[in-house]
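Colleague: I have the structure open and would like to talk it through with you. Could you start with a helix lying across strands, and then we move around from there?

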Amino acid sequence: MTALLELDKLSLAFGGLRAISELDLHVDENEIVSVIGPNGAGKSTVFNVITGIYEPTEGDVRLAGESIVGKRPYKITTLGIARTFQSLRLFQNMSVKENVKSATYGKTKATPVESILRLPRARREEREVDALAEEVLGFFGQRLTGYRWDQPAYVLSYANRRRLEIARALATRPRLLLLDEPAAGMNPKETHEVTELIGRLRNELGLAILVIEHDMHVVEGISDRVVALDHGVKIAEGSYEAVATHPAVVEAYLGRDPEALAEGA
Amino acid sequence: MAQIGVDEWVAQSGGRRDQGTGWRKLLASAEDRVGWWPRLALVVFAGLIAGQLINDVNLQNVAFNGLLYAMLALGLNIAVGWAGLLDLGYIAFFGLGAYGFAVLSSSATGSGGNGGTHLPAIESVPVVVVVAGVVGVVIGLIALRLSGDYLAIVTLFVGQAFMEIVNNIDPGTLGGVNGLYSLDSFHSFGHQVTSPLGFYYLALVMTVALAAILHLLDTSRTGRAWRALRDDQLAASAMTIPVNKLKVMAFSFGAMVAALAGTVFAAQQNTVFPTNFTANILILIYACLVLGGVGSIAGAILGGLVVTIGEQLLSSPNDAGYLFYGLILITLVLRVRPWRYLAAVLAGVVAFGFAARGIVGAISSSAVAGGPGSGGWIGSAVKHYVIVPSSPATYGNILYIVLICALILIVRLHGIRRLLTVIPTVYIAACCWESRLIVNPSITTQIMIGAILIVTMAARPQGLLGTRRVELVDQ
Amino acid sequence: MQEFIQTIVNGLQTGCLYALIALGYTMVYGVLKLLNFAHGDVYMVGAYIGYFVIRWFGGPTSLSIPVPLLLLIMFGLAAGGCGLLGVAMERFAYRPLRDAPRIAPLITALGISFVLENTVLLLFGGEPRSYSTERFISFSTGIHFGHVSIDTVQILIVVVSVGMMFGLRELVQRTTLGKSMRAVASDREAAEMLGINVNRTIALTFFIGSAMAGVAGVMSGLAGIQVANTIGFLAGLKAFTAAVVGGIGSIPGAMIGGLFIGLAESFSASYISSQYTDLIVFGILIGTMLIRPQGIFGRPALQKV
């Protein structure tokens, strides 16, 4: 069986700097894979290559066996890979509901003329999109429903912005979800909620999920498999326990000896 | 980190706005109660009543111009307000529409004034609009290879290129600098629009229809996508939105609206000249949009009307005073609080003026020998107030520079010092106005249009009817 | 052949002027990411300052001071006056908008340009004015061989421009101010935290850029270009094109771009058509954008995520 997402000897260089080197990685259907690694290890860059923002220098990215290298980001998302951003990139001036609805552009078809005349297809799509938005926002309990629907995104709290980013990504109806540090900046209670949420996304929506996360409790709680990166190279892969205690991983985080640790800090 | 209390504070902000005081609250609650369609109907109704009331041909033309600029601002809003693209070539499409109509529906292109093509408007207008749309797509595609800033320069060149082409191409086709004459009026199905009132109604229908269409578009998936890409292009493309396609669409839709406005303009004027499509007109349209509120349909219409009316007032020495002194008074009333200070400032302005004139008059009677430029009762009211020498040109120029320096100074000062500076500044403004500005109303108009852009952007970037936006500045 | 050389000489002259204006565009863009549309009008104001200096000292036919001194005063006053104008623009119009949406300062720039043009129209009237340089610097001075003539004014323009460009490069590369400018350009907030006076650096950037535009204005007047309130628009547009073609934000780019546009314009006027030179410059801009969008010296921008 082919994996849902497959990175095949993926490399990316900016000028002389190799950000990713010969990375092999796969995510199966309905699987949660965590990517860990120190800051600057190239984790977010991997996301950017998968979603088409950067084009790899070498290697291939395949979604369900088909290469998606060279496709525009919007095309890739339409094919079924949605993402969130580490540095929150919501549509600040749009309401919560509109943020989610805007992500359905690729799955709707009404032309401007149909929309202006409110022809049947435009009306039907609008109803569907509306229902979808409410459904997706309902995933977060009371957090993003009710009066919040019509609030502009910029008034939301930090945690709610992170939730809205996930909701917006879900509205694209993805098969694979890429979450970039979903628990960053959250308090312990909220972090716990995120852990549960990611599990629910897999169980209830049947998604495959690739997560970048620094919080080891989250990683431990959700991962079927963990991949550790350092300097754009995969240094370990396997179960959480195996990776967390892997000497190369410990070294990447803590350094080889006290002097290196001091330099790294 | 969640900030304590911020969530609640923000959640209540809507409530706090409703609890505002006085007319603001009334206005806000009235606005909430009335939906979109009733508001549009209200505009139509007001427009029809106005049409019945205005008998003067001049005023009918002014009303037509107001609606024309409203239409132009609506079109500009698509690219600038919704998609966030600074389109400086917009004027070329207005010109394209006008010249297109002139070529398709006039005697101008035939020999001896008898030939030419005389397509009815129902055929020529759609042809012109579609051509403009296609040209818009082509230019949009080129411009899109560039990031936002370069777009401005390429489109600015488009406007310049248009001027160069119509000025220099074979005068037999496009008339060169002399323009094209004797165009048809709008005619279709045996009916034609010829009277100024007829054109006013035509413009009213078109503006309202356009506003309705744009509202429907704004609330559709396309409108949402535009707003998304204006807020964050990268995130939009990661959310299935084909950014480039939508930008080209915005550009091209704007071009079509401009061309449509151009056809009506050409038919109403009966002529087209290259000078109708200069950068000055572009700035005027920008002023309409910015004043009304970038991104807002109602704002674009209001801006078009306000700027046209202001322009009209300025061109008459009797009425210009209303606008000028009225603006000063409104600014003072809105900005000087509490009312005790306001009263003091107003009294100070009056007293300062009479004192200054008294002193200067005592020293040299020729220094106050000139009369005010204003006519009407304003003229007689300020006659013994302002200092205008018998040959006021140089004096007025100096005052103008002093006035600008004083305004800059006011921006820098705060508190009581600012209030004290306001008093002589208002007086200088009045003297400068009476001695120089009102003498050259056309130049004064242009300066004021430029000032609208600068002042609105600094003081109220959302304009009269827009919503304030937040934007993450990413370098 | 003679025509060819003469065309090159004329192109270099125009190109130097464009390059000087383009430097102002490029510096301000580099530091603030702001397109200052009013920059062309600063050049126009410079041309007027030069004109009034000549008038002040007795007019072109009966100068009361020696020509070199006159030139010095013209350049000095134009540079200083335009520099201050630039600083005032920055302080009162652009600074309040530094964190506003990207489109806001651009619209303000349109407004400033319009106000400047019409203020000059109000104060000095619309009739074009001429320096009448030939009355005090004879065309017959300079270098002549065959039918090719390079007069003193042209030599002056090229020498002064090239001198200023190299001076600017040294300033940006070597001085503390230059380092501050580069620091502010790459990250304003970080620069501020490191103790760089950002406001002062930006104001000085505007001063230097505008001063060079002022000098360019005087030189264009000396070269016989008519002075009118509308000359800033086209000159600004072309200089801007030069900056983009050279790679906006790059100082050598602005120089090369300016010379390139100047030469292209003079060649198209001599060999193709004098009516459509603007269109040809436009064509060059489009061509550059399609082939090398970052310009000759620009580096492709890396998209930050």
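Modeller: Helix H10 (residues 247–254) of chain A lies across strand E9 (225–230) and strand E10 of chain A, and runs at about 130 degrees to E10(A). Helices (H or I, at least four residues) and strands (E, at least two) are DSSP runs numbered from the N terminus, and the angles, from 0 to 180 degrees, are between N-to-C directions of lines fitted to C-alpha atoms, for helices over the stretch in contact.

Colleague: Before we go on, what kind of model is this, and how are residues and chains labelled?

Modeller: This is a predicted model, in which local features need pLDDT of at least 70 and side-chain atom pairs count only at pLDDT 80 or more, while totals for chains, interfaces and linings use all residues. Residues are numbered from 1 along each chain as its sequence is written, and chains are lettered from A and ligands numbered from 1 in the order in which they are written.

Colleague: Back to those strands, then: how many bridges join E9(A) to E10(A)?

Modeller: E9(A) and E10(A) run antiparallel and are joined by 5 bridges, where pairing requires that DSSP finds at least two bridges between two strands. Leu229(A) has Lys234(A) in E10(A) as its bridge partner. The hairpin that these two strands make has 2 residues between the strands, and His231(A) there takes a positive phi near 50 degrees.

Colleague: And which sheet are they part of, in what order?

Modeller: They belong to an open sheet of 6 strands in chain A, with the order E6-E7-E8-E3-E9-E10 and mixed pairing. Its edge strands, each pairing on one side only, are E6 (81–83) and E10 (233–238) of chain A. On average, neighbouring strands of this sheet are turned by 20 degrees against each other, direction ignored.

Colleague: Which strands pair in the parallel sense there?

Modeller: E3(A) and E9(A) do, over 4 bridges, with Ser34(A) standing opposite Val226(A) in E9(A). Strand E7 (residues 176–180) and strand E8 (residues 208–212) of chain A also pair in the parallel sense, over 5 bridges, and here Leu178(A) has Leu210(A) in E8(A) as its bridge partner. In addition, helix H7 (residues 188–205) of chain A lies across E3 (32–36), E7 and E8 of chain A, running at about 160 degrees to E8(A).

Colleague: What about the sheet of 4 strands in chain A, how is that one paired?

Modeller: That one is an open sheet with the order E2-E1-E4-E5 and antiparallel pairing. The strands at its edges, pairing on one side only, are E2 (17–27) and E5 (66–67) of chain A. Helix H1 (residues 43–50) of chain A packs on this sheet, touching E1, E2 and E4 of chain A, and its direction makes about 70 degrees with that of E2(A); two residues are in contact if their C-beta atoms, placed from the backbone, lie within 7 Å. Within the sheet, strand E1 (residues 5–14) and strand E4 (residues 58–63) of chain A run antiparallel and are joined by 5 bridges, and Glu6(A) stands opposite Arg62(A) in E4(A).

Colleague: Stepping back, how does the radius of gyration of chain A agree with that of a compact globule?

Modeller: A compact globule of 265 residues would have a radius of gyration near 18 Å, and chain A has 19 Å, which agrees; the radius is taken over C-alpha atoms, and the globule rule is 2.2 Å times the number of residues to the power 0.38. Chain A holds 11 helices and 10 strands, and along its principal axes the C-alpha trace spans about 70 × 40 × 35 Å.

Colleague: Changing topic to chain C, is H4(C) enclosed or not, and why?

Modeller: H4(C) is largely enclosed by the rest of the structure, because 19 of its 22 residues are buried, where buried means that 20 or more other C-beta atoms lie within 10 Å of a residue's own, exposed means 12 or fewer, and partly exposed is in between, with C-beta atoms placed from the backbone. Just after H4(C), Gly125(C) takes a positive phi of about 80 degrees.

Colleague: Which helix gives the most to the side of chain C that touches chain B?

Modeller: The contact takes 42 residues from chain C and 43 residues from chain B, and H4(C) gives the most to the chain C side, with 15 residues.
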